[in-house]
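Please look through the sequence and the model below before reading on. The paragraphs that follow lead from one residue outward to the cores, the salt bridges and the surface.

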Amino acid sequence: MLQHKLTTWFKKSICYFVSYYADKTYHFELNQQGQFVLVDAEPKAKSTLIQIIARKHYSEFNQRFPVDNKKELNTLLKLNVSNNDNVQSYHLVTQIDAGQSEVNMWQISTNVPKAFIQLPESLLLSYILNEESSGCIQEVESKQPYFVARLQNTTYSALKSQLINSAARFANTVGIPHQTSTVIAEGADYIKALFSGLAALPKNKLVAFINPASLRVQAKDLKSPSKVIAAMLLGYLTLTSGYLQFTHYQLSTQAEMQKDKVNQVFDLLDRYESDKLTFTQLVDFTEAKSILSPVFYVLRDLFVLARFDNIRFENERFVLRGDAQQATQVLQTVANNSRVKDAKFDFPTRSQRGREQFVISFVLHSQQDTHQLASLQQVSQ
């Protein structure tokens, strides 16, 4: 219940702070199923904290600079990128290596309504792809279809046209590998992809897309330092809450995927506990039992005289079946044992290949054997 309330609160916060612009401003609302949908914004609606800009309202390009020093790079960027009355420029340094720097640049039309943070939608959709997905190109079926990809932390995108009409041609145009393609369909999938990209975008990169014009406008509206601090805290809490909520969603999804394995582990644990209980019961049962049968005190003197085919206990008598050089010597040895009585041949002996086959049976003195078992138990304890 608490988790559901937190999720609902987070989604409502998203609806309040995030908008989308494509020819006109749209706000996000939750439908009865708890899913985001786009609706027309009210004509006098206030500017939002974060505004996602449709691909057709900005230009995107990549540029390499022959420096790897951040201070020199900033100087070159100021010389090469100048804001004018028609566009507002933003950039991200994506790679600095071997004396060169690669920069992602966006120029958003100033006709777009102002917002505190303005995010190009191609940037968000590129962050759905991780570095392991290099070579994967997404075809976005929005009101203005386009292609988007990410390679080595750099975003590449281009509007769909007669020239760039396939993922393969897009890859050739921007000079990136093409292995697989995916389609982001217009509607619920498209909206879900936007929020997935917003959640995946590193939060430290949001600073690069703060709109200076929006800062000037909001500075006039804020009449005291306390309001400035409150606004900053509100923005920080919103972004942090969004990040934590998305992390929780990822962990919950992974836990659900691992549910079957966890159940298997618990089943194995149950079997282990059952086997352990059985083993303990067997140990308790055998602990009071002798590990040596008294009959072996008789047999130990016979192994040098005879070979045995069968030793069994039948009708309260031990029966030995085997062969020896002299069967009578075996019988005599058995009879001379102090714990044996009534030793005899059960059948006449037979000679075969120089050896005599015999069947001898005898009875053990039960009192002596009982006493012997009791002594063995005392020694073991």
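Leaving aside its neighbours within four places in sequence, with which residues is Y20 in contact? In this predicted model, Y20 touches T25, Y26, F28, L38, I52, A54, E121, Y190 and L194 once those neighbours are set aside, where contact means heavy atoms within 4.5 Å. Residues are numbered from 1 along each chain as its sequence is written, and side-chain values use heavy atoms, with hydrogens and water left out. Because the model is predicted, local features need pLDDT of at least 70 and side-chain atom pairs count only at pLDDT 80 or more, while totals for chains, interfaces and linings use all residues.

Y20 also belongs to the largest nonpolar core, which has 41 residues and in which Y20, F28, L119, L125 and F209 touch the most other members. Helix α5 (residues 188–200) supplies the largest share of this core, with six residues. A nonpolar core is here a set of buried Ala, Val, Leu, Ile, Met, Phe, Trp, Tyr and Cys residues joined through side-chain atoms within 4.5 Å; buried means under 20% relative accessible area, exposed means over 50%, and partly exposed lies in between (1.4 Å probe, protein chains only). There is also a second, separate core of 18 residues, and F308, F318, L320 and F362 are among its members.

The setting for these cores is a chain of 381 residues, of which 34% are buried. Its secondary structure comes to eleven helices and 17 strands, taken as DSSP runs (helices H or I of at least four residues, strands E of at least two) and numbered from the N terminus. Among contacts with a separation of 6 or more, 61% join residues that are 24 or more positions apart.

Strand β1 (residues 18–22) contains S19, which counts as buried because its relative accessibility is 1%. With neighbours within four places in sequence left aside, S19 is in contact with T25, Y26, H27, F28, T48, I50, Q51 and I52. In the loop between β1 and β2 is D23, a residue that has a positive phi of about 75 degrees although it is not a glycine. A positive phi, of about 70 degrees, is also found at N153, again not a glycine; N153 lies in the loop between β10 (146–151) and β11 (154–159) and, at 24% relative accessibility, counts as partly exposed.

How many salt bridges does the count come to? With a salt bridge taken as a side-chain nitrogen of Lys or Arg within 4 Å of a carboxyl oxygen of Asp or Glu, the count comes to eight. In one of them K24 pairs with D40, with the closest N and O atoms 3.1 Å apart; this pair links distant parts of the chain, since K24 is in strand β2 (residues 24–30) and D40 in strand β3 (residues 36–40), 16 residues apart. K24 counts as partly exposed because its relative accessibility is 39%.

In another salt bridge, D323 and R355 bring their closest N and O atoms to 2.4 Å. D323 lies in strand β14 (residues 317–324) and R355 in strand β17 (residues 355–364), so this pair ties together parts that are 32 residues apart in sequence. Both ends count as buried, D323 at 11% relative accessibility and R355 at 17%. R307 joins D323 and R355 in a network of salt bridges. The side chains of R312 and E314 also meet in a salt bridge (3.2 Å, N to O), and here R312 is partly exposed at 28% relative accessible area, as is E314 at 39%.

Turning to the surface, the accessible area of the chain comes to about 24100 Å², with 54% of it belonging to carbon and sulfur atoms; such areas come from the Shrake-Rupley method with a 1.4 Å probe, and for residues only the protein chains shown count as cover. V262, F266, L269 and Y272 make a nonpolar surface patch of about 390 Å². Patches are made of residues with over 30% relative accessible area and no salt bridge, like charges being joined within 9 Å and nonpolar side chains (Val, Leu, Ile, Met, Phe, Trp, Tyr) within 5 Å. L269 lies in helix α8 (residues 259–287) and, at 41% relative accessibility, counts as partly exposed.

Finally, confidence: the chain averages a pLDDT of 79, and 78% of the residues score at least 70, pLDDT being the predictor's confidence in each residue, from 0 to 100. Over residues 376–381 the pLDDT is below 50, and beyond near neighbours in sequence this stretch has three contacts in the model. Where pLDDT is low, the predicted coordinates should not be read in detail.
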